[in-house]
Amino acid sequence: MIAARLLRLAAVGTASVGGLSGAAYGLLNEQSRYARRVIGLPGNGPLNADGTYCPEHFGGEAAAAIPPLEFAVLGDSSAAGLGVEVASELPGTLLASGLAEELERPVRLHTHAVVGSTTRGLEAQIDAVLREPPRLALVLIGANDVTTRIPVRTSTGLLEQGVSRLTDEGVAVVVGTCPDLGVVRPIPQPLRSIVRRRSLTLATEQRRAVERSGGHAVPLADLLSPEFLTRPVELFGPDRFHPSGAGYEMAADLLLPTLCDAIGAWTGIPVPRAPARSAALEARRPTRRFVARLNLWWGHRAEN
């Protein structure tokens, strides 16, 4: 799980900005331990509500004869819906229900997401999906790649290969790119800024990889970060790391139009194109000045 790997974020931070003194490195290690203690581990695994979802007023023999749209969800704990206590709040459930209403046909949900998964674990999930290829697939992956220090190039290369495998089999693929881990308040500064930079960089490269492989990318960091920063009590679950039911619902509302558009079924306003570069990343990019100030502060503290 992401929370169990927070201790490794100190090493991520050092590799991300470079030039940190030994004292500053010790600070990052201390902060990562603190964040792990505060977040802790989820008490229960994710719920599962796979099955067929129908429009609210669906009925009759003619309607029952309509074959369901096969919809698969792959990825990590955010795709599995870790943290919610009611099955109706799972992201897969929300999206399957939303698709059924938009398409006015049944939707059959298949969840293959694995808590703690990185992009390296995506291949096994795709193997399972392709035994009976669905019409539509959603992938939510990336946060664990940040906390386990998987290089961005490796992570995006694996994602591109995986999406290509799906699209080559006729599956329409939507990828929600890596969330902004900088919105997680239990991760203290300056470690939070370092993790933010890493996650937003990965999100930008994920978008490019997804589009090269014929998929559709939704920049969740750009679209969700402002809300999670200003409404943390409402949008985070009890562990203050994973989303609450309201947080998952907000993400589902953003993903639904692109899922419909991916199969040519969106009739609302035009779906906005993902930005070429994350506006959030540009606004929050750490600089060498940040590192220099951190080392200077620790130097003065050591002298005193």
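Select Glu-205 and Arg-208 to begin: their side chains meet in a salt bridge at 2.7 Å, N to O. A salt bridge here is a side-chain nitrogen of Lys or Arg within 4 Å of a carboxyl oxygen of Asp or Glu. The model is predicted: local features need pLDDT of at least 70, side-chain atom pairs count only at pLDDT 80 or more, and totals for chains, interfaces and linings use all residues. Residues are numbered from 1 along each chain as its sequence is written, and side-chain values use heavy atoms, with hydrogens and water left out.

Both Glu-205 and Arg-208 lie in helix H9 (residues 191-212), three residues apart, about one turn of the helix. Helices (H or I, at least four residues) and strands (E, at least two) are DSSP runs, numbered from the N terminus. Glu-205 is partly exposed at 25% relative accessibility, and Arg-208 is partly exposed at 29%. The classes are buried, under 20% relative accessible area; exposed, over 50%; and partly exposed, in between (1.4 Å probe, protein chains only).

Next, select Glu-227 and Arg-231, which form a salt bridge with the closest N and O atoms 2.8 Å apart. Add Glu-234 to the selection: salt bridges that share partners join Glu-227, Arg-231 and Glu-234 into one network. Glu-227 counts as partly exposed, at 29% relative accessibility, and Arg-231 is likewise partly exposed, at 29%. A search of the whole structure finds eight salt bridges.

Move now to Glu-70 and Arg-108, whose side chains meet in a salt bridge of 2.5 Å, N to O. Glu-70 lies in strand S2 and Arg-108 in strand S3, so this pair ties together parts that are 38 residues apart in sequence. Glu-70 is partly exposed, with a relative accessible area of 22%; for Arg-108, also partly exposed, the value is 31%.

Keep S2 (residues 69-75) selected and display its surroundings. Six of the seven residues of this strand are buried. S2 and S3 (residues 107-111) run parallel and are joined by five bridges; two strands pair if DSSP finds at least two bridges between them. Within this pairing, Leu-69 has Val-107 of S3 as its bridge partner. S2 also pairs in the parallel sense with strand S4 (residues 136-140), over five bridges, and there Phe-71 stands opposite Leu-136.

From S3, step back to the loop between H5 and S3, where Glu-104 lies. Glu-104 is not a glycine, yet has a positive phi of about 55 degrees. Most residues other than glycine have a negative phi. Glu-104 counts as exposed, at 60% relative accessibility.

Extend the selection to Glu-56, Glu-101 and Glu-102, which together with Glu-104 form a negative surface patch. Patches are made of residues with over 30% relative accessible area and no salt bridge, with like charges joined within 9 Å and nonpolar side chains (Val, Leu, Ile, Met, Phe, Trp, Tyr) within 5 Å. Asp and Glu count as negative, and the place of a Glu charge is taken as CD. Glu-102 is in helix H5 (residues 91-103) and is partly exposed, at 37% relative accessible area.

Finally, select Arg-149, in the loop between helix H7 (143-147) and helix H8 (152-168). Arg-149 also has a positive phi, of about 65 degrees, although it is not a glycine. Arg-149 is partly exposed, with a relative accessible area of 47%.

Technical notes: Accessible areas come from the Shrake-Rupley method with a 1.4 Å probe; for residues, only the protein chains shown count as cover.
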